[in-house]
Amino acid sequence: MGSFLSSFFGGASYSASEDSSSSSESSRVSTFHSAPRWQLHFNSVKETPKLMVIDFSASWCGPCKFMEPALNDMAARFTDVEFVKLDVDELPDVAQEFGVQAMPTFVLLKNGKEVDRVVGAQKNELEKKVDKHKC
């Protein structure tokens, strides 16, 4: 809640950024720090059949940190899939909209609709579902 208020009032520099950016220079995982930017991006891609994987996580979540290298690896290998990372503390309304109740939660979307979901740090399960739905 504190980081949400900080981002709302512009207090925390890491939350106040409204640009979509990669978590590292070589990563293909996009990160959104504001609901309006996320909504703009989501609206622009929800009519496409391309698979989008949304990683709902939090900076304090150990299993989320455990999954980060695996997610970056999948993003590098599955170049026809879009990978997005959203922090539930920064974007609580988006997390609520997608029914996120545990972290990490990975929501797989096509045409803006959920086609699958993985809850928890389950690398193999996530990779199987990404492979299944990428076509």
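Helices and strands are runs assigned by DSSP, a helix having at least four residues and a strand at least two, and they are numbered from the N terminus. By that reckoning, the protein chain in this predicted model contains six helices and six strands.

**The whole chain**

Begin with the entire chain displayed as a cartoon. Following the sequence, one meets the elements in the pattern α-α-β-β-α-β-α-β-α-β-β-α. The chain has 135 residues, of which 44% count as buried. Among contacts with a separation of 6 or more, 66% are between residues 24 or more positions apart. Switch to a surface display: about 7,200 Å² is exposed, and carbon and sulfur atoms supply 53% of that area.

**Helix α4**

Next, select residues 62-77, which form helix α4. How far apart are the end C-alpha atoms of this helix? They are 24 Å apart, which agrees with the 22 Å that the 16 residues should span at 1.5 Å a residue.

Now colour Glu-68 and Pro-69. A kink of about 35° lies at Glu-68, shortly before the proline.

Which residues of α4 are buried? They are Cys-64, Met-67, Ala-70, Leu-71, Met-74 and Ala-75. Show their side chains and add the elements they pack against: the strands β2 (29-32), β3 (52-57), β4 (82-87) and β5 (105-110), together with helix α6 (123-133).

**From Glu-68 to Lys-85**

Keep Glu-68 selected and add Lys-85. Their side chains meet in a salt bridge, with 3.2 Å from N to O. Because Lys-85 lies in strand β4 and Glu-68 in helix α4, the pair ties together parts that are 17 residues apart in sequence. The two partners may also be compared by exposure: Lys-85 is buried, with a relative accessible area of 16%, whereas Glu-68 is partly exposed at 27%.

**Asp-55**

Select Asp-55, in strand β3. This residue is buried yet has no salt bridge. Which side chain of opposite charge is nearest to Asp-55? It is Lys-85, at 4.5 Å. A salt bridge requires a side-chain nitrogen of Lys or Arg within 4 Å of a carboxyl oxygen of Asp or Glu.

Then display the surroundings of Asp-55. Leaving aside neighbours within four places in sequence, its contacts are Leu-71, Val-84, Lys-85, Leu-86, Pro-104, Thr-105 and Phe-106.

**Pro-104**

One of those contacts, Pro-104, is the next stop. Pro-104 lies in the loop between α5 (92-97) and β5. Is this residue buried or exposed? Pro-104 counts as buried because its relative accessibility is 0%.

Beyond the neighbours within four places in sequence, Pro-104 has contacts that include Phe-56, Cys-61, Pro-63, Val-118 and Ala-121. Cys-64 and Met-67 are also among its contacts, and both are buried residues of α4. Add Gly-120 to the selection: although 16 residues separate Pro-104 and Gly-120 in sequence, their C-alpha atoms are 5.2 Å apart.

**Ser-34 and His-41**

Move to Ser-34, which is in the loop between β2 and α3 (35-45). Ser-34 counts as buried because its relative accessibility is 7%. Select Asp-87 as well: Ser-34 and Asp-87 are 53 residues apart in sequence, and the C-alpha to C-alpha separation is 9.8 Å.

His-41 lies in helix α3. With a relative accessibility of 19%, His-41 counts as buried, since the cut-off for that class is under 20%. Which residues does His-41 touch, not counting those up to four places away in sequence? They are Phe-32, Met-52 and Glu-82.

**Further salt bridges**

How many salt bridges does the structure hold? There are eight, and two more of them complete the tour.

Select Glu-114 and Arg-117, whose closest N and O atoms are 2.9 Å apart in a salt bridge. Glu-114 counts as partly exposed at 41% relative accessibility, and Arg-117 is likewise partly exposed at 24%.

Finally, select Lys-128 and Glu-125, which form a salt bridge with closest N and O atoms 3.8 Å apart. Both residues lie in helix α6, three residues apart, about one turn of the helix. An α-helix has 3.6 residues a turn, so residues three or four places apart point the same way. Lys-128 counts as exposed at 54% relative accessibility, while Glu-125 is partly exposed at 28%. Add Asp-116 and Lys-129 to see the network: salt bridges that share partners join these two residues with Glu-125 and Lys-128.

Key
Residues are numbered from 1 along each chain as its sequence is written. This is a predicted model: local features need pLDDT of at least 70, side-chain atom pairs count only at pLDDT 80 or more; totals for chains, interfaces and linings use all residues. Side-chain values use heavy atoms; hydrogens and water are left out. The expected span of a helix is 1.5 Å times one less than its number of residues. The bend at a residue is the angle between axes fitted to the seven residues ending there and the seven starting there. Buried means under 20% relative accessible area, exposed over 50%, partly exposed in between (1.4 Å probe, protein chains only). Contact means heavy atoms within 4.5 Å. Lys and Arg count as positive and Asp and Glu as negative; His and the chain ends are not counted. Accessible areas come from the Shrake-Rupley method with a 1.4 Å probe; for residues, only the protein chains shown count as cover.
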